[in-house]
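Here is a quick walk through one chain, from a couple of single residues out to the fold. Have the model open as you read.

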Amino acid sequence: MINLLKTYKNLIMCDSSRKGYYPEVKQKKSIGPKILRKDSGCSEEEVLAFCHADALKYKTRTEWFTYGRHTYDKICRTYGVESEAMERCSSHMEKPKRNWKWNKDFCLTDARKYKTSREWRAGNLNCYNAAKRNGWMDECSIHMVSKRSVCSLR
């Protein structure tokens, strides 16, 4: 009776006629290709060639890290992230875009939106820090009201 119930339950679970239902599929955790294992008996040249061929499938290092994790990890563990081998494998990949460069004009216009420096810091911390780091705080906050000066006048 119990076996019959288990079979019936499995039939219901795998019934694909129900709309929008897909049976759960348990996948074994992949341990990577044999060539990447230490006991594979392959030379470093062969492993590097394999990793390079795998890296050619991806456009960016992030994509390679996400979808080709085994080969990416092998290069990082064996040679390092900033190694020649990593550069050779990722030479065809797009380089990351340059980070935003803060300029004085942008900080000045952004600071004008706020009445106090505390509001500015809460509203746009990155711009606030850039102005502080580059020495533009006095110019950016000249229009702002200081709560300390208002309290001390009373």
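## Two partly exposed residues

D73 is partly exposed, with a relative accessible area of 23%. That figure comes from a predicted model, as does everything else here. The cut-off for buried is under 20% relative accessible area, so at 23% D73 doesn't count as buried. You'll find D73 in helix 4, which covers residues 69–78. Check its spacing to C51 too: the two residues are 22 positions apart along the chain, and their C-alpha atoms are separated by 9.8 Å.

Now step to Y79, which sits in the loop between helix 4 and helix 5 (84–89). Y79 is partly exposed as well, its relative accessible area being 30%. Which residues does Y79 touch, leaving aside its neighbours within four places in sequence? They are E44, L48 and A85.

## Helix 6 and its cover

Helix 6 runs over residues 104–111, and its buried residues are C107, L108, D110 and A111. Looking down the helix axis, you'd see these buried residues fall within an arc of 165°, so they line one face of helix 6. A bit of background helps here: an α-helix has 3.6 residues a turn, so residues three or four places apart point the same way.

What covers the buried residues of helix 6? The cover includes helix 7 (117–123), helix 8 (125–134) and helix 9 (137–140).

## A pocket to look at

The second largest pocket has a volume of about 170 Å³. For background, rolling a probe the size of a water molecule over the atoms shows where empty space is left.

Which residues line the second largest pocket? From the lower numbers, T60, R61 and T62 take part; the rest of the lining is E87, S90, M93, E94, K95 and P96. By class, that lining has four charged, three polar and two nonpolar residues.

## The chain as a whole

Zooming out, how many helices and strands does the chain have? There are 10 helices and zero strands, so the pattern along the sequence reads α-α-α-α-α-α-α-α-α-α.

The chain has 154 residues, and 25% of them count as buried. Its exposed area is about 12900 Å², with carbon and sulfur atoms supplying 54% of it. As for contacts with a separation of 6 or more, 48% are made by residues 24 or more positions apart.

How values were computed:
Residues are numbered from 1 along each chain as its sequence is written. This is a predicted model: local features need pLDDT of at least 70, side-chain atom pairs count only at pLDDT 80 or more; totals for chains, interfaces and linings use all residues. Side-chain values use heavy atoms; hydrogens and water are left out. Helices (H or I, at least four residues) and strands (E, at least two) are DSSP runs, numbered from the N terminus. Buried means under 20% relative accessible area, exposed over 50%, partly exposed in between (1.4 Å probe, protein chains only). Contact means heavy atoms within 4.5 Å. Accessible areas come from the Shrake-Rupley method with a 1.4 Å probe; for residues, only the protein chains shown count as cover. On a 1 Å grid over the protein atoms alone, a cavity is a set of points where a 1.4 Å probe fits but cannot get out, and a pocket is an open set with protein on both sides within 12 Å along at least five of seven lines; lining residues have an atom within 4 Å of a point. Grid points are joined across faces, edges and corners, and a volume is the space filled by probe spheres set on the points. Ala, Val, Leu, Ile, Met, Phe, Trp, Tyr, Cys and Pro count as nonpolar, Asp, Glu, Lys and Arg as charged, and the others, Gly among them, as polar. The arc is that of the directions from the helix axis to the C-beta atoms.
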